[in-house]
Amino acid sequence: MPHSPSPLLVRAHADALSAARAAGASVWTGSFDLDRSQEDIQLDGDAWIWRGQAYPYPGKLKDRTIHYWDGEDFVAVSRYNGALIKLVPTEWGAPTFEIDGIKMLPTSKASPVDDARRKVALVQPQGKVVLDTCGGLGYFAACCLDAGAARIVSFEKNADVLWLRTLNPWSPDQESPASGGRLQLTHADVSEAIASVADASVDALLHDPPRFGIAGELYSQAFYDQLARVLRRGGRLFHYTGTPNALTSGRDVPREVARRLEKSGFKAEPALDGVLAIRR
């Protein structure tokens with residue numbers, strides 16, 4: 001899904017743009033792609049010019065919100081279709097996203113891209129075919145591309161998350177020259193689509209499912225059996241689990257997941273904020 005050409009505004013950048021105009025500046029240097037790059041922006045009396053197109057100066061924008069140009073105004077990068085899905089800025093540039101206010105990616109200590117890079121490194125993707133079960137914003141896939149993966153097969157169930165990717169410059173675009181045809185992103189529920197993946201056809205696997213209460217089927221023994229079926233012997237799997245309700249429930253979700261993976265034919269142990277497993 002190709003990226004939208006819209007500039008992206010967060011409140012701090014929009015305020016700085018308006019302040020530069022009020023101070024009489026003719027040029028302001030800043031970012032309209034969530035800190036992927038810095039550009040010189042021409043300031044006129046009624047508009048500012050970005051990549052050859054004029055835009056009106058924004059009014060007061062919302063905090064913790066990324067805004068894009070919808071053709072008439074700057075509006076939040078969010079959608080509601082039974083749940084509110086929203087792209088959320090971070091201090092690191094690369095955004096996270098939320099579903100009904102629940103943050104989907106860890107961002108408190110590092111960029112979500114750097115966090116993904118550490119996890120991707122555990123499966124050693126260089127030269128490999130990688131299955132990315134729950135694509136999300138695509139940070140696992142982006143890091144696999146950077147690490148030299150031969151091919152990434154990625155699934156994402158939620159159409160609104162796929163839409164967020166078209167507006168997020170940190171999400172990889174499978175049609176861009178940078179992807180080199182190595183990224184195959186499919187709009188599908190991996191719990192069903194995995195049946196179409198051939199036996200022992202992937203070399204490494206990344207599994208970052210929603211929490212158990214939302215997608216319990218992606219933590220089931222039957223699904224882990226499918227992961228074992230498609231992963232070649234010796235292949236590596238990283239399974240993000242986090243530690244949901246560890247203090248209140250006493251549950252050790254990583255250990256529970258590791259035990260199920262062992263039953264499916266993996267050697268598994270906790271690693272980072274999840275489980276690292278090797279197909280026996």
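Biologist: Which residue's side chain is joined to that of Ser264 by a polar contact of 2.8 Å?

Modeller: The model is predicted, so local features need pLDDT of at least 70 and side-chain atom pairs count only at pLDDT 80 or more, while totals for chains, interfaces and linings use all residues. Residues are numbered from 1 along each chain as its sequence is written, and side-chain values use heavy atoms, with hydrogens and water left out. A polar contact is a pair of N or O atoms within 3.5 Å; within protein, one must be able to donate a hydrogen and the other to accept it, and residues adjacent in sequence count only if both atoms are side-chain atoms. At 2.8 Å, the side chain of Ser264 has such a contact with that of Gln221.

Biologist: Is Ser264 buried or exposed?

Modeller: Ser264 lies in the loop between helix H8 (253-263) and strand E17 (266-271); helices (H or I, at least four residues) and strands (E, at least two) are DSSP runs, numbered from the N terminus. Buried means under 20% relative accessible area, exposed over 50%, and partly exposed in between (1.4 Å probe, protein chains only). Because its relative accessibility is 10%, Ser264 counts as buried.

Biologist: Against which elements do the buried residues of H8 pack?

Modeller: The buried residues in H8 are Val253, Pro254, Glu256, Val257, Ala258 and Leu261. Contact means heavy atoms within 4.5 Å. The elements against which these residues pack are helix H6 (221-230), strand E16 (231-240), E17 and strand E18 (274-279).

Biologist: Which helix gives the most residues to the largest nonpolar core?

Modeller: A nonpolar core is a set of buried Ala, Val, Leu, Ile, Met, Phe, Trp, Tyr and Cys residues joined through side-chain atoms within 4.5 Å. The largest has 34 residues, and Val77, Tyr139, Ile152, Leu164 and Leu206 have the most contacts inside it. Among the elements that each supply at least two of its residues are helix H2 (112-122), helix H3 (139-146) and helix H4 (159-167). With 6 residues, the helix that gives the most is H3.

Biologist: Why is one side of strand E1 (8-9) and of strand E7 (74-76) left without a neighbour in the sheet?

Modeller: Two strands pair if DSSP finds at least two bridges between them. Here 3 strands form an open sheet with antiparallel pairing, in the order E1-E6-E7. E1 and E7 stand at the edges, so each has a single partner strand.

Biologist: Which residue of E7 stands opposite His67?

Modeller: Strand E6 (residues 67-69) and E7 run antiparallel and are joined by 3 bridges. The E7 residue opposite His67 is Ala76.
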